[in-house]
Amino acid sequence: MKALAASVVLVAIASLVRAAGGPPVENGIFRPADLVELTSLDPTIRLDIRYATADNFVHRPVYAEARAFLERPAAEALVRVHRTLRKDGYGLLVFDGYRPWAVTKAFWDATPEKKRIFVADPSKGSKHNRGCAVDLTLYDLATGREVDMGGAYDEMSKRSYVTWPGGGEKARAHRDVLRNAMELQGFFVYPWEWWHFDYKDWTEYPILDVPFREIAPTPLQ
Ligand SMILES: [Zn+2]
């Protein structure tokens with residue numbers, strides 16, 4: 001009876017938190033968060049943090065700082081991807097990593113219903129909120145330029161689908177290079193977005209709503 005009463009109270013609290021517009025309440029045991037700044041692990045990983053600029057699908061900056069973080073095992077795996085790509089003449093160019101939950105909520109609210117396969121439902125949270133998803137592309141080590149992927153980051157069209165057959169041979173080859181290198185290190189591509197990859201252990205990490213400025217700096221490796 002007592003346990004039942006306690007669980008009723010817990011459910012009531014969870015509903016209140018949801019009603020107040022906060023992140024979903026999750027039951028479960030998670031690893032402690034350990035967000036690591038990617039460029040601290042390897043400064044040759046390049047960043048183009050579009051959400052810190054107005055050059056994104058909501059047309060305004062949603063991050064105060066152009067930085068990218070992942071939970072430590074995912075960040076270390078990403079560094080391995082970056083380093084194995086060197087022999088093929090490529091490096092990683094990161095658009096986004098850990099994303100505070102409030103930003104996911106803002107994206108959902110700004111997206112028309114028929115385009116919502118391209119954004120995460122805030123009632124479930126995004127794997128970006130867990131520090132276990134990364135949006136990225138390749139850059140050419142020789143020219144420093146972003147490679148042609150046959151479509152743009154955050155483009156809400158069929159060209160973003162992994163199975164999209166267009167874009168030319170070169171662009172499709174670039175998509176394959178990125179995907180193969182990522183999969184070898186435990187990342188899985190999201191079928192609707194060639195640039196989005198989830199890290200295999202994402203279920204072990206909690207949804208966070210911590211702004212970048214509150215994340216402890218990572219010592220340079
Ligand atoms: Zn993403």
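The exercises below, each with a worked solution, concern a predicted model.

**Exercise 1. The zinc site**

Identify which residues coordinate the zinc ion, and state how the donor residues are spaced in sequence.

Solution. Begin with the donor atoms: the zinc ion is held by NE2 of His128, an OD atom of Asp135 and ND1 of His196, at 2.0 to 2.1 Å. Next, read the spacing of these donor residues along the chain, which follows the pattern H-x6-D-x60-H. Then place two of the donors in their strands: Asp135 belongs to strand S5 (residues 133-140) and His196 to strand S7 (residues 193-199), so this pair ties together parts that are 61 residues apart in sequence. Finally, consider the surroundings of the two residues, Asp135 and His196, both of which are buried.

**Exercise 2. The order of the sheet**

Work out in what order the five strands of the open sheet stand, and which strands stand at its edges.

Solution. The order is S2-S4-S5-S7-S6, and the pairing is mixed. At the edges stand strand S2 (46-47) and strand S6 (187-190), each of which has a single partner strand, so that one side of each is left without a neighbour in the sheet.

The individual pairings can now be taken in turn.

- S2 and S4 run parallel and are joined by two bridges; within this pairing, Leu47 has Val94 in S4 as its bridge partner.
- Strand S4 (residues 90-96) pairs with S5 in the antiparallel sense over six bridges, and Gly91 finds its bridge partner in Tyr139 of S5.
- S5 and S7 are also antiparallel, with three bridges between them, and Ala133 stands opposite Asp198 in S7.

As a last step, ask how enclosed S5 is: seven of its eight residues are buried, so this strand is largely enclosed by the rest of the structure.

**Exercise 3. Helices on the sheet**

Test whether the length of helix H3 agrees with its number of residues, and describe which strands are touched by H3 and which lie under the course of H5.

Solution. For the length, take 1.5 Å a residue: the 14 residues of helix H3 (residues 72-85) should then span 20 Å, and because the end C-alpha atoms are 20 Å apart, the model agrees with the expectation. For the packing, H3 touches S4, S5, S6 and S7, and its direction makes about 145 degrees with that of S4. Helix H5 (residues 168-184) lies across S4, S5, S6 and S7 and runs at about 130 degrees to S5.

The buried residues of H3 are Ala74, Ala75, Ala77, Leu78, Val79, Val81, His82 and Leu85. In reading such a list it helps to recall that an α-helix has 3.6 residues a turn, so residues three or four places apart point the same way.

**Exercise 4. Two residues in their surroundings**

Decide whether His82 is buried or exposed, decide likewise for Lys124, and list what each of them touches beyond its neighbours within four places in sequence.

Solution. His82, in helix H3, has a relative accessible area of 2%, and because buried means under 20%, the residue is buried. Its contacts are Asp42, Thr44, Ile45, Tyr90, Gly91, Leu92 and Tyr139. Lys124 is located in the loop between helix H4 (101-110) and S5, and because its relative accessibility of 58% is over 50%, Lys124 counts as exposed. The contacts of Lys124 are Pro24, Arg130 and Ile207.

**Exercise 5. Salt bridges**

Establish how many salt bridges the model contains, and find where in the chain the partners of the Arg31 and Asp201 pair and of the Glu37 and Arg67 pair lie.

Solution. The count comes to 20 salt bridges. In one of them the side chains of Arg31 and Asp201 meet at 3.9 Å, N to O, which falls within the 4 Å cut-off. This pair links distant parts of the chain, with Arg31 in the loop between helix H1 (2-19) and strand S1 (35-37) and Asp201 in the segment after S7, 170 residues apart. Arg31 counts as partly exposed at 34% relative accessibility, whereas Asp201, at 16%, is buried. Both residues also belong to a network of salt bridges that links Arg31, Lys200, Asp201 and Glu204.

The side chains of Glu37 and Arg67 meet at 2.9 Å, N to O. Glu37 lies in strand S1 and Arg67 in the loop between S2 and strand S3 (69-71), 30 residues apart, and both Glu37 and Arg67 are buried.

Note on methods: Residues numbered from 1 in each chain as written. Predicted model: local features only at pLDDT ≥ 70, side-chain atom pairs only at ≥ 80, totals over all residues. Heavy atoms only, no water. Helix = DSSP H or I, 4+ residues; strand = E, 2+ residues; numbered from the N terminus. Expected span 1.5 Å × (residues − 1). Buried < 20%, exposed > 50% of the residue type's maximum accessible area, 1.4 Å probe, protein only. Donors = N, O, S within 2.8 Å, 3.2 Å for Na, K, Ca; no water. Pairing = 2+ DSSP bridges. Contact = heavy atoms within 4.5 Å. Axes fitted to C-alpha atoms, helices over the stretch in contact; angles between N-to-C directions.
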